[in-house]
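Colleague: Hello! I am new to this structure, so could you walk me through it with a few questions and answers?

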Amino acid sequence: MTWGKLLQPDLVLGDSVMKLTADILEKYQIKGLVLDVDETLVPITAMNASPELSLWVQEIKPVVSLWLASNNLSQNRIGRIADSLNLPYITGAAKPSRRKLRTAVTAMNLPVEQVAMVGDRLFTDVLAGNRLGMFTILVEPMVDAGYALRKYPVRSFEVWVSQALGASLKIKDHD
């Protein structure tokens, strides 16, 4: 598989994870989601899930199985966020490694093709999901305004490299 294919998300949402709806998941026959935490669900500086995120999780949970998978090693912070959402989680996932993602998929008891890896980063979330054979969804990061100025250059570089390698990051119409 080429680097362009490995970095190609199956769906570019073009918005935050909270715009991922049951209708979109049904359209792509997704039965499980492995969700990145930092900047996918919460800004990296946040210690808690927002009320809006909690509501989204409550709405989507009846439709799909959910797991959190974070490269972050902070058991305390990631555990606190996961516990507030009442979701199982993995810290130190070491994405783009597949090992801990496979643990989440196995726990869901679903075929890997019916589980989506959802994240804001191409070189960790999308690459790991594609390497495992998951459906991959790229979302826009959730960042604190002051932090965005320091962090976005890394994501912009990832997007540039991915496109140079042949990945298309066009937002798909998902209505």
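Colleague: Thanks! Which strand do 4 bridges join to β6?

Modeller: Happy to help; please keep in mind that this is a predicted model. The two strands in question run parallel. Gly119 has Leu138 in β6 as its bridge partner. The strand joined to β6 by 4 bridges covers residues 115–119, and it is β5.

Colleague: And which helix makes a β-α-β unit with β5 and β6?

Modeller: That unit is a right-handed one. Its helix spans residues 122–132 and is α6.

Colleague: Which residue in β6 stands opposite Leu11?

Modeller: Here we turn to β1, residues 11–12, which is joined to β6 by 2 bridges. These two strands run parallel. The residue of β6 opposite Leu11 is Ile137.

Colleague: Are the side chains of β6 buried or exposed?

Modeller: In a regular strand, side chains alternate between the two faces of the sheet. In β6, residues 135–138, Phe135 and Ile137 are on one side, with Thr136 and Leu138 on the other. Buried means under 20% relative accessible area. Both faces of β6 are covered, and these four residues are all buried.

Colleague: Stepping back, how many helices and strands does the chain have?

Modeller: From the N terminus, the elements run α-β-α-β-α-β-α-β-α-β-α-β-α. The count comes to 7 helices and 6 strands.

Colleague: Last one: what share of the contacts with a separation of 6 or more is between residues 24 or more positions apart?

Modeller: The chain has 175 residues, with 49% of them buried. Among its contacts with a separation of 6 or more, the share from residues 24 or more positions apart is 69%.

Conventions. Residues numbered from 1 in each chain as written. Predicted model: local features only at pLDDT ≥ 70, side-chain atom pairs only at ≥ 80, totals over all residues. Heavy atoms only, no water. Buried < 20%, exposed > 50% of the residue type's maximum accessible area, 1.4 Å probe, protein only. Contact = heavy atoms within 4.5 Å. Pairing = 2+ DSSP bridges. Right-handed = clockwise from strand over helix to strand, strands pointing away.
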